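Welcome! Here are a few exercises to work through with the model on your screen. Try each task before you read its solution.

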Amino acid sequence: MELLNLILEFHRDAERQGPGSDEMTLRALEATPNGKSAKSILDIGCGTGAQTMVLASNTPAQITAVDLTPMFLEALPERARKCGVAHRVEPVEMSMDALTFPDNSFDLIWAEGCIYHIGFERGLREWKRLLRPDACLVVSEICWLTETRPQELARYWVNAYPEIDTIPAKLKVISDCGYTLLEHFILPESCWTDHYYTPIRERTAAFAEQYGNMEGVRDFLDAGIDEADLYDRYKEYYSYVFFVMKARND
């Protein structure tokens, strides 16, 4: 099995592929005007669908769940069936930087923990055309929480995601891209630990025992543990932030 497929295999059975929680997804949805009455939702970068199930369980919407990874999308139908929402969740294999849906297609666009793949500003600009009038876009984005931070931390995240920036800088991008901010809030520590890094640590030993002799696997697993350790040391300096915004007509 190729390394990429092994990496996907490592994350496939995880509840989430990034920091977050059902409670924070629901909090963001409740901050969205008319969010709970949305008829059509585009869930970009849905992964295996943790937030998809929250959206489907708390709205009447038909949800188009988009991801570029077939292995993740394969988990959605059974997950949706168990939640009783299979008839309203459509998995679609598609890249977030080449969405082919018509303009004005959705009442709500959701992108939780994934917009970094395309870039914050680019995603806001390119996805705006898909929103119906008065519709909202909700994203979570990794941000600095302080104006200064340790060099080790800065080097790591600037290398991993050059667009990482402070919350005020992100708010300016939101306005410049033609949106009105409705609410924003910082994910709590539990979203990183209980719902992401703790499961990664728990899966690592068994995965290493099964696949650790394959080229690149140990490096991949070590990188995940290193990132978790970095968060433990420097968690006061950065986090994901939910941004709830409404498209302006200007």
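A residue counts as buried when its relative accessible area is under 20%, and as exposed when that area is over 50%. Keep in mind that this is a predicted model.

**Exercise 1. Decide whether Phe120 is buried or exposed, and find its contacts.**

Step 1. Begin with the location: Phe120 belongs to helix H6, which covers residues 120-127.

Step 2. Apply the cut-off. The relative accessible area of Phe120 is 0%, so this residue is buried.

Step 3. Look for contacts, setting aside neighbours within four places in sequence. Phe120 then touches Ile115, Val139, Glu141, Tyr161, Glu163, Lys170, Val173, Ile174 and Phe243.

Step 4. Check one distance across the chain. Ser140 is 20 residues away from Phe120 in sequence, and their C-alpha atoms are 9.7 Å apart.

**Exercise 2. Work out how the buried residues of helix H2 are arranged, and what they pack against.**

Step 1. Find H2 at residues 22-30 and pick out its buried members: Met24, Thr25, Ala28 and Leu29.

Step 2. Look down the axis of H2. The buried residues fit within an arc of 140 degrees, and therefore they line one face of the helix.

Step 3. Turn to the face directed away from the buried side, where you meet the exposed residues Glu23 and Glu30.

Step 4. List the packing partners of the buried residues. They are helices H3 (50-58) and H9, together with strands S4 (106-111), S5 (131-144), S7 (179-186) and S8 (238-247).

**Exercise 3. Describe the largest pocket: what is its volume, and which residues are closest to its centre?**

Step 1. The largest pocket holds about 1,200 Å³ of space.

Step 2. Its lining is made of 47 residues, and those closest to the centre are Gln17, Gly113, Tyr116, His117 and Tyr196.

Step 3. Sort the lining by class: 28 residues are nonpolar, 13 are polar and six are charged.

Step 4. See where the lining comes from. Elements that each give at least two residues include helix H1 (3-12), strand S2 (62-67), helix H7 (151-160) and helix H10 (217-234).

**Exercise 4. Find how many cavities of 30 Å³ or more there are, and which residues line the largest.**

Step 1. The count is one cavity of that size, and the largest cavity encloses about 40 Å³.

Step 2. Its lining consists of His11, Ala14, Glu15, Arg16, His195, Tyr196, Pro199, Ile200 and Arg203.

Step 3. Helix H9 (residues 189-211) provides the largest share of this lining, with five residues.

Step 4. By class, the lining has four nonpolar, two polar and three charged residues.

Key:
Residues numbered from 1 in each chain as written. Predicted model: local features only at pLDDT ≥ 70, side-chain atom pairs only at ≥ 80, totals over all residues. Heavy atoms only, no water. 1 Å grid on protein atoms, 1.4 Å probe; cavity = no way out; pocket = protein on both sides within 12 Å on 5 of 7 lines; lining within 4 Å. Points joined across faces, edges and corners; volume = space filled by probe spheres on them. Helix = DSSP H or I, 4+ residues; strand = E, 2+ residues; numbered from the N terminus. Nonpolar A, V, L, I, M, F, W, Y, C, P; charged D, E, K, R; others polar. Buried < 20%, exposed > 50% of the residue type's maximum accessible area, 1.4 Å probe, protein only. Arc of directions from axis to C-beta. Contact = heavy atoms within 4.5 Å.
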